[in-house]
Amino acid sequence: MNKKAFEPPVIKRMTSTVPGKFGSKSQVEPISSIDGVPVADLLEKFGSPLFILSEKTIRRVHQDASEAFKSRYPKVQLAWSYKTNYLDAVCRIYHQEGSWAEVVSGFEYEKALHNGVDGKRIIFNGPDKSENDLRRAIDLDSYIHIDHFDELFTLIRLAREIGKRSRVAIRVNMDTGIYPKWDRFGFNFENGEAAQAIDLIMESGALEMAGLHTHIGTYIISLGAYRIAAEKLARLAIDTDRKYQHKIKYIDMGGGFASMNTLKGAYHTASDTTPSFDQYAEAIAGALQKAGFDQGHLPVLILETGRALIDEAGYLAGQVLATKRLSDSRRALILDFGVNLLFTAFWYDHVLHPVEEVSGFLDEATLYGPLCMNIDVLREQTQMPLFRKGDKVVISKVGAYNMTQWMQFITYRPNVIMIAEDNSVHIIRRAETLETILGQESLPEHLKP
Ligand SMILES: *Cc1c(COP(=O)(O)O)cnc(C)c1O
(Lines give C-alpha, C1' and ligand atoms only; values in the text may rest on other atoms or scores of the structure.)
Protein backbone atom coordinates (compact mmCIF):
# COMPACT_ATOMS: atom_id res chain seq x y z
CA MET A 1 0.00 0.00 0.00
CA ASN A 2 1.27 3.46 -0.94
CA LYS A 3 1.68 5.71 2.03
CA LYS A 4 0.48 9.26 1.39
CA ALA A 5 3.09 11.98 1.76
CA PHE A 6 2.45 14.09 4.83
CA GLU A 7 1.97 17.81 4.42
CA PRO A 8 1.49 19.89 7.58
CA PRO A 9 -1.87 21.72 7.63
CA VAL A 10 -1.94 25.45 6.91
CA ILE A 11 -4.60 28.02 7.60
CA LYS A 12 -5.31 30.22 4.63
CA ARG A 13 -7.78 32.84 3.56
CA MET A 14 -10.21 31.62 0.89
CA THR A 15 -10.34 33.84 -2.17
CA SER A 16 -12.96 33.77 -4.86
CA THR A 17 -12.28 34.73 -8.46
CA VAL A 18 -13.92 37.64 -10.20
CA PRO A 19 -16.61 36.18 -12.44
CA GLY A 20 -16.21 36.88 -16.16
CA LYS A 21 -19.00 37.52 -18.65
CA PHE A 22 -20.14 33.89 -18.42
CA GLY A 23 -19.66 33.35 -14.69
CA SER A 24 -16.56 32.00 -13.04
CA LYS A 25 -14.92 28.97 -14.53
CA SER A 26 -14.56 26.34 -11.86
CA GLN A 27 -12.31 23.94 -13.67
CA VAL A 28 -9.29 23.88 -15.95
CA GLU A 29 -10.04 21.39 -18.73
CA PRO A 30 -7.50 18.60 -19.18
CA ILE A 31 -5.73 18.28 -22.55
CA SER A 32 -5.02 14.57 -22.78
CA SER A 33 -4.46 14.28 -26.52
CA ILE A 34 -3.62 16.49 -29.50
CA ASP A 35 -5.06 15.54 -32.89
CA GLY A 36 -5.89 12.15 -31.39
CA VAL A 37 -2.34 11.45 -30.17
CA PRO A 38 -2.03 10.98 -26.36
CA VAL A 39 0.19 13.66 -24.82
CA ALA A 40 1.54 11.18 -22.23
CA ASP A 41 2.85 8.96 -25.06
CA LEU A 42 4.53 11.92 -26.76
CA LEU A 43 6.30 12.96 -23.54
CA GLU A 44 7.40 9.37 -22.98
CA LYS A 45 8.81 9.05 -26.49
CA PHE A 46 10.26 12.53 -27.15
CA GLY A 47 11.13 13.72 -23.66
CA SER A 48 9.88 16.47 -21.39
CA PRO A 49 9.46 19.37 -21.95
CA LEU A 50 8.29 19.17 -25.55
CA PHE A 51 6.91 21.58 -28.16
CA ILE A 52 4.13 20.10 -30.28
CA LEU A 53 2.73 21.58 -33.51
CA SER A 54 -0.43 20.50 -35.31
CA GLU A 55 -0.16 20.55 -39.11
CA LYS A 56 -3.92 20.21 -39.37
CA THR A 57 -4.46 23.37 -37.33
CA ILE A 58 -1.81 25.35 -39.21
CA ARG A 59 -3.52 24.57 -42.51
CA ARG A 60 -7.07 25.09 -41.23
CA VAL A 61 -6.39 28.52 -39.73
CA HIS A 62 -4.48 29.64 -42.84
CA GLN A 63 -7.42 28.58 -45.01
CA ASP A 64 -9.88 30.39 -42.72
CA ALA A 65 -7.87 33.62 -42.84
CA SER A 66 -7.34 33.40 -46.57
CA GLU A 67 -11.05 32.73 -47.20
CA ALA A 68 -12.13 35.65 -44.97
CA PHE A 69 -10.15 38.11 -47.13
CA LYS A 70 -10.65 36.49 -50.56
CA SER A 71 -14.41 36.46 -50.12
CA ARG A 72 -14.33 40.26 -49.64
CA TYR A 73 -11.57 41.46 -51.96
CA PRO A 74 -10.55 40.22 -55.41
CA LYS A 75 -6.76 40.23 -55.10
CA VAL A 76 -5.25 38.93 -51.86
CA GLN A 77 -1.78 37.60 -51.08
CA LEU A 78 -0.61 36.30 -47.70
CA ALA A 79 3.09 36.40 -46.75
CA TRP A 80 4.30 34.29 -43.83
CA SER A 81 6.04 36.34 -41.13
CA TYR A 82 9.23 34.34 -40.61
CA LYS A 83 10.13 35.79 -37.23
CA THR A 84 6.86 34.45 -35.77
CA ASN A 85 8.03 30.87 -36.34
CA TYR A 86 10.76 30.06 -38.84
CA LEU A 87 11.09 26.33 -38.38
CA ASP A 88 11.43 24.91 -41.90
CA ALA A 89 8.52 22.48 -41.52
CA VAL A 90 6.22 25.33 -40.48
CA CYS A 91 7.32 27.68 -43.27
CA ARG A 92 6.96 24.99 -45.91
CA ILE A 93 3.36 24.32 -44.91
CA TYR A 94 2.54 28.02 -45.33
CA HIS A 95 4.33 28.15 -48.68
CA GLN A 96 2.39 25.06 -49.82
CA GLU A 97 -0.80 26.85 -48.81
CA GLY A 98 0.23 29.72 -51.10
CA SER A 99 1.91 32.19 -48.74
CA TRP A 100 4.93 34.21 -49.77
CA ALA A 101 7.74 34.88 -47.28
CA GLU A 102 8.00 38.07 -45.19
CA VAL A 103 11.49 38.42 -43.70
CA VAL A 104 13.23 41.03 -41.54
CA SER A 105 16.92 40.07 -41.71
CA GLY A 106 19.58 38.57 -43.96
CA PHE A 107 19.30 35.34 -41.96
CA GLU A 108 15.54 35.07 -42.49
CA TYR A 109 16.01 35.92 -46.18
CA GLU A 110 18.45 33.00 -46.49
CA LYS A 111 16.02 30.72 -44.69
CA ALA A 112 13.27 31.64 -47.17
CA LEU A 113 15.57 30.84 -50.11
CA HIS A 114 16.51 27.57 -48.39
CA ASN A 115 12.78 26.78 -48.20
CA GLY A 116 12.56 27.11 -51.96
CA VAL A 117 10.80 30.47 -52.06
CA ASP A 118 11.34 32.35 -55.34
CA GLY A 119 13.10 35.68 -54.70
CA LYS A 120 10.14 37.41 -56.42
CA ARG A 121 7.92 36.16 -53.59
CA ILE A 122 10.03 37.45 -50.73
CA ILE A 123 9.10 40.68 -48.97
CA PHE A 124 12.14 42.16 -47.26
CA ASN A 125 11.19 44.31 -44.27
CA GLY A 126 12.98 45.73 -41.25
CA PRO A 127 15.51 48.40 -40.37
CA ASP A 128 18.55 46.11 -40.71
CA LYS A 129 19.53 45.22 -44.28
CA SER A 130 23.23 45.17 -45.12
CA GLU A 131 24.48 46.27 -48.55
CA ASN A 132 25.09 42.62 -49.37
CA ASP A 133 21.53 41.77 -48.33
CA LEU A 134 20.22 44.57 -50.55
CA ARG A 135 22.34 43.53 -53.55
CA ARG A 136 21.05 39.98 -53.34
CA ALA A 137 17.45 41.17 -52.96
CA ILE A 138 17.85 43.40 -56.04
CA ASP A 139 19.40 40.52 -58.02
CA LEU A 140 16.57 38.16 -57.09
CA ASP A 141 13.77 40.74 -57.71
CA SER A 142 12.42 40.72 -54.16
CA TYR A 143 10.15 43.44 -52.84
CA ILE A 144 12.31 45.65 -50.65
CA HIS A 145 10.36 47.64 -48.07
CA ILE A 146 12.34 50.78 -47.27
CA ASP A 147 12.49 51.79 -43.60
CA HIS A 148 14.38 55.12 -43.59
CA PHE A 149 16.02 57.72 -45.83
CA ASP A 150 19.55 56.29 -45.36
CA GLU A 151 18.32 53.02 -46.76
CA LEU A 152 16.50 54.80 -49.58
CA PHE A 153 19.70 56.60 -50.68
CA THR A 154 21.76 53.39 -50.43
CA LEU A 155 19.20 51.56 -52.53
CA ILE A 156 19.18 54.24 -55.25
CA ARG A 157 23.00 54.05 -55.42
CA LEU A 158 23.03 50.21 -55.53
CA ALA A 159 20.28 50.03 -58.15
CA ARG A 160 22.25 52.42 -60.38
CA GLU A 161 25.47 50.46 -59.82
CA ILE A 162 23.83 47.13 -60.60
CA GLY A 163 21.85 48.67 -63.47
CA LYS A 164 18.52 47.24 -62.41
CA ARG A 165 15.32 48.90 -61.22
CA SER A 166 14.72 47.37 -57.85
CA ARG A 167 11.10 46.78 -56.79
CA VAL A 168 10.40 48.72 -53.65
CA ALA A 169 7.71 49.78 -51.22
CA ILE A 170 7.94 52.23 -48.38
CA ARG A 171 6.93 51.36 -44.86
CA VAL A 172 4.57 54.00 -43.51
CA ASN A 173 3.83 54.75 -39.86
CA MET A 174 0.80 56.77 -38.86
CA ASP A 175 -1.68 57.77 -36.20
CA THR A 176 -4.43 55.14 -36.17
CA GLY A 177 -5.71 55.95 -32.70
CA ILE A 178 -3.43 53.31 -31.11
CA TYR A 179 -1.08 54.72 -28.48
CA PRO A 180 1.82 54.75 -27.99
CA LYS A 181 2.21 55.14 -31.77
CA TRP A 182 4.65 52.84 -33.51
CA ASP A 183 6.63 55.56 -35.24
CA ARG A 184 10.09 54.03 -35.08
CA PHE A 185 9.64 52.05 -38.31
CA GLY A 186 9.20 53.60 -41.71
CA PHE A 187 8.19 57.10 -42.82
CA ASN A 188 5.52 59.13 -41.09
CA PHE A 189 2.22 59.80 -42.86
CA GLU A 190 0.97 62.87 -41.01
CA ASN A 191 4.15 64.96 -41.24
CA GLY A 192 4.54 64.41 -44.98
CA GLU A 193 7.66 62.24 -44.78
CA ALA A 194 5.98 59.32 -46.53
CA ALA A 195 4.93 61.52 -49.47
CA GLN A 196 8.46 62.95 -49.59
CA ALA A 197 9.96 59.44 -49.77
CA ILE A 198 7.62 58.63 -52.66
CA ASP A 199 8.73 61.83 -54.45
CA LEU A 200 12.38 60.86 -54.05
CA ILE A 201 11.75 57.37 -55.43
CA MET A 202 9.68 58.61 -58.37
CA GLU A 203 12.13 61.37 -59.26
CA SER A 204 15.22 59.13 -58.97
CA GLY A 205 14.01 56.92 -61.79
CA ALA A 206 16.22 54.19 -60.30
CA LEU A 207 13.58 52.27 -58.38
CA GLU A 208 10.18 50.81 -59.22
CA MET A 209 7.64 52.21 -56.75
CA ALA A 210 5.61 49.02 -56.35
CA GLY A 211 3.85 49.13 -53.01
CA LEU A 212 2.89 50.79 -49.76
CA HIS A 213 3.33 48.99 -46.46
CA THR A 214 2.33 49.48 -42.85
CA HIS A 215 2.42 47.30 -39.75
CA ILE A 216 0.57 49.29 -37.13
CA GLY A 217 1.51 47.22 -34.09
CA THR A 218 0.97 43.77 -32.68
CA TYR A 219 -2.01 42.24 -30.90
CA ILE A 220 -4.27 45.05 -32.17
CA ILE A 221 -7.93 44.41 -31.32
CA SER A 222 -9.17 47.72 -32.73
CA LEU A 223 -10.88 47.26 -36.10
CA GLY A 224 -11.06 51.04 -36.45
CA ALA A 225 -7.26 51.24 -36.41
CA TYR A 226 -7.06 48.91 -39.43
CA ARG A 227 -9.76 50.86 -41.23
CA ILE A 228 -7.86 54.12 -40.72
CA ALA A 229 -4.56 52.54 -41.78
CA ALA A 230 -6.08 51.16 -44.98
CA GLU A 231 -7.67 54.55 -45.77
CA LYS A 232 -4.38 56.39 -45.28
CA LEU A 233 -2.38 54.02 -47.49
CA ALA A 234 -5.11 54.19 -50.13
CA ARG A 235 -4.93 57.99 -50.01
CA LEU A 236 -1.16 57.90 -50.60
CA ALA A 237 -1.61 55.50 -53.51
CA ILE A 238 -4.30 57.65 -55.15
CA ASP A 239 -2.25 60.84 -54.64
CA THR A 240 0.79 59.14 -56.22
CA ASP A 241 -1.31 58.18 -59.25
CA ARG A 242 -2.62 61.76 -59.63
CA LYS A 243 0.84 63.27 -59.33
CA TYR A 244 2.89 60.83 -61.42
CA GLN A 245 0.27 58.80 -63.37
CA HIS A 246 1.78 55.80 -61.65
CA LYS A 247 -0.31 52.95 -60.23
CA ILE A 248 0.75 51.44 -56.92
CA LYS A 249 0.59 47.64 -57.43
CA TYR A 250 -0.05 46.59 -53.85
CA ILE A 251 -1.04 47.72 -50.39
CA ASP A 252 0.52 45.65 -47.61
CA MET A 253 -1.35 45.93 -44.32
CA GLY A 254 1.28 44.02 -42.30
CA GLY A 255 0.26 41.82 -39.39
CA GLY A 256 -0.80 42.51 -35.83
CA PHE A 257 -4.10 40.62 -35.60
CA ALA A 258 -4.62 39.37 -32.02
CA SER A 259 -4.59 35.66 -31.22
CA MET A 260 -6.81 33.93 -28.67
CA ASN A 261 -4.32 34.41 -25.82
CA THR A 262 -5.36 36.80 -23.05
CA LEU A 263 -3.02 39.67 -22.27
CA LYS A 264 -1.76 40.03 -18.70
CA GLY A 265 -3.98 42.33 -16.69
CA ALA A 266 -6.85 42.24 -19.21
CA TYR A 267 -10.27 42.18 -17.57
CA HIS A 268 -11.97 40.21 -20.35
CA THR A 269 -10.55 37.02 -21.81
CA ALA A 270 -9.38 37.00 -25.41
CA SER A 271 -12.39 34.92 -26.49
CA ASP A 272 -14.51 38.00 -25.69
CA THR A 273 -12.23 40.62 -27.25
CA THR A 274 -10.27 39.14 -30.18
CA PRO A 275 -11.94 39.96 -33.52
CA SER A 276 -12.44 37.16 -36.03
CA PHE A 277 -10.61 37.09 -39.39
CA ASP A 278 -13.98 38.01 -40.95
CA GLN A 279 -14.14 41.18 -38.86
CA TYR A 280 -10.55 42.19 -39.68
CA ALA A 281 -11.20 41.47 -43.35
CA GLU A 282 -14.43 43.48 -43.34
CA ALA A 283 -12.60 46.50 -41.87
CA ILE A 284 -9.63 46.38 -44.27
CA ALA A 285 -11.32 45.23 -47.49
CA GLY A 286 -14.24 47.58 -46.82
CA ALA A 287 -11.93 50.58 -46.52
CA LEU A 288 -10.03 49.69 -49.71
CA GLN A 289 -13.23 49.09 -51.69
CA LYS A 290 -14.53 52.53 -50.70
CA ALA A 291 -11.24 54.41 -51.15
CA GLY A 292 -11.90 55.57 -54.70
CA PHE A 293 -9.60 53.34 -56.79
CA ASP A 294 -10.97 52.72 -60.26
CA GLN A 295 -12.31 49.18 -60.14
CA GLY A 296 -10.08 47.95 -62.96
CA HIS A 297 -6.99 48.96 -61.00
CA LEU A 298 -7.55 47.79 -57.44
CA PRO A 299 -4.17 47.20 -55.79
CA VAL A 300 -3.33 43.72 -54.52
CA LEU A 301 -3.92 43.43 -50.77
CA ILE A 302 -0.97 41.79 -48.98
CA LEU A 303 -1.22 40.55 -45.38
CA GLU A 304 1.64 39.51 -43.13
CA THR A 305 -0.30 38.18 -40.17
CA GLY A 306 1.83 36.08 -37.84
CA ARG A 307 0.58 35.30 -34.34
CA ALA A 308 -3.09 35.00 -35.29
CA LEU A 309 -2.19 32.25 -37.79
CA ILE A 310 0.08 30.01 -35.73
CA ASP A 311 -0.60 30.54 -32.02
CA GLU A 312 -3.40 27.98 -31.85
CA ALA A 313 -1.33 25.27 -33.56
CA GLY A 314 1.38 25.14 -30.88
CA TYR A 315 1.49 23.36 -27.51
CA LEU A 316 4.13 23.11 -24.82
CA ALA A 317 3.95 19.92 -22.75
CA GLY A 318 5.96 19.17 -19.65
CA GLN A 319 5.66 18.11 -16.05
CA VAL A 320 5.59 19.28 -12.47
CA LEU A 321 9.07 19.01 -10.94
CA ALA A 322 7.93 19.83 -7.41
CA THR A 323 5.27 21.59 -5.39
CA LYS A 324 6.04 23.70 -2.37
CA ARG A 325 4.67 26.36 -0.06
CA LEU A 326 6.05 29.88 -0.04
CA SER A 327 6.76 31.66 3.24
CA ASP A 328 3.25 33.15 3.32
CA SER A 329 1.76 29.66 2.78
CA ARG A 330 0.87 30.25 -0.86
CA ARG A 331 1.22 27.17 -3.03
CA ALA A 332 3.87 27.11 -5.76
CA LEU A 333 4.51 24.74 -8.65
CA ILE A 334 7.91 24.26 -10.24
CA LEU A 335 7.60 23.18 -13.86
CA ASP A 336 10.27 21.79 -16.17
CA PHE A 337 9.82 24.71 -18.60
CA GLY A 338 10.01 28.42 -17.84
CA VAL A 339 10.56 31.75 -19.54
CA ASN A 340 13.55 30.21 -21.33
CA LEU A 341 11.04 28.36 -23.55
CA LEU A 342 7.88 30.39 -23.03
CA PHE A 343 8.91 33.93 -23.83
CA THR A 344 5.28 34.94 -24.32
CA ALA A 345 4.68 34.38 -20.57
CA PHE A 346 6.00 37.95 -20.22
CA TRP A 347 2.80 39.33 -21.80
CA TYR A 348 0.17 36.57 -21.82
CA ASP A 349 -1.73 34.87 -19.00
CA HIS A 350 -1.08 31.34 -20.22
CA VAL A 351 -3.33 28.60 -18.86
CA LEU A 352 -1.78 25.41 -17.52
CA HIS A 353 -3.87 22.34 -18.33
CA PRO A 354 -3.48 18.94 -16.67
CA VAL A 355 -2.99 15.97 -19.01
CA GLU A 356 -4.98 13.61 -16.78
CA GLU A 357 -8.24 14.29 -14.91
CA VAL A 358 -7.51 15.93 -11.59
CA SER A 359 -9.76 16.78 -8.66
CA GLY A 360 -12.08 19.73 -9.22
CA PHE A 361 -10.68 21.53 -6.19
CA LEU A 362 -8.76 24.68 -7.12
CA ASP A 363 -6.22 26.59 -5.09
CA GLU A 364 -4.21 29.76 -5.72
CA ALA A 365 -0.75 28.92 -6.96
CA THR A 366 2.30 30.59 -8.43
CA LEU A 367 3.85 28.89 -11.47
CA TYR A 368 7.64 28.85 -11.64
CA GLY A 369 9.97 27.49 -14.29
CA PRO A 370 13.10 25.44 -13.60
CA LEU A 371 15.68 28.22 -13.93
CA CYS A 372 17.75 29.23 -10.92
CA MET A 373 16.80 32.82 -11.59
CA ASN A 374 14.21 35.02 -9.96
CA ILE A 375 12.63 36.19 -13.23
CA ASP A 376 11.48 32.68 -14.09
CA VAL A 377 7.78 33.10 -13.30
CA LEU A 378 5.09 31.88 -15.68
CA ARG A 379 2.10 33.08 -13.64
CA GLU A 380 2.19 35.18 -10.48
CA GLN A 381 -1.08 33.81 -9.26
CA THR A 382 -3.65 31.56 -10.80
CA GLN A 383 -6.29 29.05 -9.78
CA MET A 384 -4.77 25.59 -10.14
CA PRO A 385 -5.89 22.06 -9.38
CA LEU A 386 -3.79 20.31 -6.71
CA PHE A 387 -0.95 19.09 -8.89
CA ARG A 388 1.71 16.74 -7.57
CA LYS A 389 5.29 16.02 -8.53
CA GLY A 390 5.40 14.13 -11.83
CA ASP A 391 1.97 15.28 -13.07
CA LYS A 392 2.02 16.05 -16.77
CA VAL A 393 0.82 19.43 -18.01
CA VAL A 394 0.16 21.27 -21.28
CA ILE A 395 -0.02 24.94 -22.26
CA SER A 396 -1.90 25.58 -25.49
CA LYS A 397 -1.67 28.47 -27.99
CA VAL A 398 2.09 28.86 -27.89
CA GLY A 399 2.86 28.55 -31.64
CA ALA A 400 3.81 32.21 -32.15
CA TYR A 401 7.20 33.69 -31.18
CA ASN A 402 8.19 31.08 -28.56
CA MET A 403 10.11 28.85 -30.99
CA THR A 404 12.06 31.87 -32.25
CA GLN A 405 12.50 33.97 -29.10
CA TRP A 406 13.36 31.08 -26.77
CA MET A 407 16.78 31.18 -25.23
CA GLN A 408 19.46 28.64 -24.59
CA PHE A 409 20.06 29.55 -20.96
CA ILE A 410 20.99 27.24 -18.11
CA THR A 411 19.57 24.23 -19.93
CA TYR A 412 19.02 22.84 -23.44
CA ARG A 413 16.16 23.60 -25.78
CA PRO A 414 13.92 20.54 -26.22
CA ASN A 415 12.56 18.58 -29.18
CA VAL A 416 9.92 20.18 -31.36
CA ILE A 417 7.59 17.69 -32.98
CA MET A 418 4.83 18.02 -35.55
CA ILE A 419 1.71 15.88 -35.76
CA ALA A 420 1.00 15.49 -39.47
CA GLU A 421 -2.48 15.40 -41.00
CA ASP A 422 -2.43 11.58 -40.97
CA ASN A 423 -1.52 11.73 -37.24
CA SER A 424 2.03 10.49 -37.83
CA VAL A 425 4.54 12.24 -35.57
CA HIS A 426 7.79 13.85 -36.74
CA ILE A 427 10.69 15.57 -34.99
CA ILE A 428 11.09 18.91 -36.78
CA ARG A 429 13.83 20.30 -34.51
CA ARG A 430 16.04 18.05 -32.43
CA ALA A 431 16.70 18.75 -28.76
CA GLU A 432 20.03 20.41 -28.14
CA THR A 433 22.84 18.43 -26.53
CA LEU A 434 26.22 19.32 -25.11
CA GLU A 435 27.63 18.82 -28.63
CA THR A 436 25.27 21.46 -30.07
CA ILE A 437 26.64 24.01 -27.66
CA LEU A 438 30.29 22.93 -27.87
CA GLY A 439 30.07 22.95 -31.66
CA GLN A 440 30.06 26.75 -31.55
CA GLU A 441 32.88 27.13 -29.05
CA SER A 442 36.61 26.94 -29.54
CA LEU A 443 39.37 26.79 -27.01
CA PRO A 444 42.55 28.88 -27.37
CA GLU A 445 45.71 26.68 -27.54
CA HIS A 446 47.02 27.83 -24.18
CA LEU A 447 43.88 26.62 -22.36
CA LYS A 448 44.00 23.13 -23.82
CA PRO A 449 45.21 20.36 -21.55
C1 LIG B 1 6.35 40.94 -36.76
C2 LIG B 1 5.82 41.44 -38.03
C3 LIG B 1 4.66 40.87 -38.60
C4 LIG B 1 3.82 39.83 -37.90
O5 LIG B 1 3.22 40.40 -36.78
P6 LIG B 1 2.06 39.66 -35.93
O7 LIG B 1 1.75 40.62 -34.84
O8 LIG B 1 2.65 38.38 -35.42
O9 LIG B 1 0.92 39.41 -36.83
C10 LIG B 1 4.27 41.34 -39.84
N11 LIG B 1 4.96 42.32 -40.49
C12 LIG B 1 6.05 42.89 -39.95
C13 LIG B 1 6.76 43.95 -40.70
C14 LIG B 1 6.52 42.48 -38.71
O15 LIG B 1 7.60 43.07 -38.18
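The two exercises below concern leucine 333 and the ligand site in a predicted model.

**Exercise 1.** Determine where leucine 333 lies in the secondary structure, and whether leucine 333 is buried or exposed.

*Solution.*
1. Locate the residue: leucine 333 belongs to strand S14, which runs over residues 331-335.
2. Take its relative accessible area, which is 1%.
3. Apply the cut-off: a residue counts as buried under 20%. Leucine 333, at 1%, is therefore buried.
4. List the contacts, leaving aside neighbours within four places in sequence: Val320, Ala322, Thr323, Leu352, Thr366, Leu367, Tyr368, Met384 and Phe387.
5. For a distance across the chain, take isoleucine 52, which is 281 residues from leucine 333 in sequence. The two C-alpha atoms are 22 Å apart.

**Exercise 2.** Identify which residues are closest to the ligand, then describe the polar contacts of its oxygen atoms with threonine 218, glycine 256 and arginine 307.

*Solution.*
1. Start with the surroundings: the ligand has 16 residues around it, and the closest are Lys83, Thr218, Gly256, Glu304 and Tyr401.
2. Consider the side chain of threonine 218: one of its N or O atoms is 2.5 Å from a ligand oxygen atom.
3. Turn to the backbone. In glycine 256, a backbone N or O atom is 2.8 Å from an oxygen atom of the ligand. In arginine 307, a polar backbone atom lies 2.9 Å from a ligand oxygen atom.
4. Assess the cover: on its own the ligand has 390 Å² of accessible area, and the protein covers 94% of this.
5. Place the site: the ligand occupies the second largest pocket.

Note on methods:
Residues numbered from 1 in each chain as written. Predicted model: local features only at pLDDT ≥ 70, side-chain atom pairs only at ≥ 80, totals over all residues. Heavy atoms only, no water. Helix = DSSP H or I, 4+ residues; strand = E, 2+ residues; numbered from the N terminus. Buried < 20%, exposed > 50% of the residue type's maximum accessible area, 1.4 Å probe, protein only. Contact = heavy atoms within 4.5 Å. Near = heavy atom within 4 Å. Polar contact = N/O pair within 3.5 Å; in protein donor to acceptor, adjacent residues only side chain to side chain. Areas by Shrake-Rupley, 256 points an atom, 1.4 Å probe, with all protein chains shown as cover. 1 Å grid on protein atoms, 1.4 Å probe; cavity = no way out; pocket = protein on both sides within 12 Å on 5 of 7 lines; lining within 4 Å. Sits in = over half its atoms within 2 Å of the grid points.
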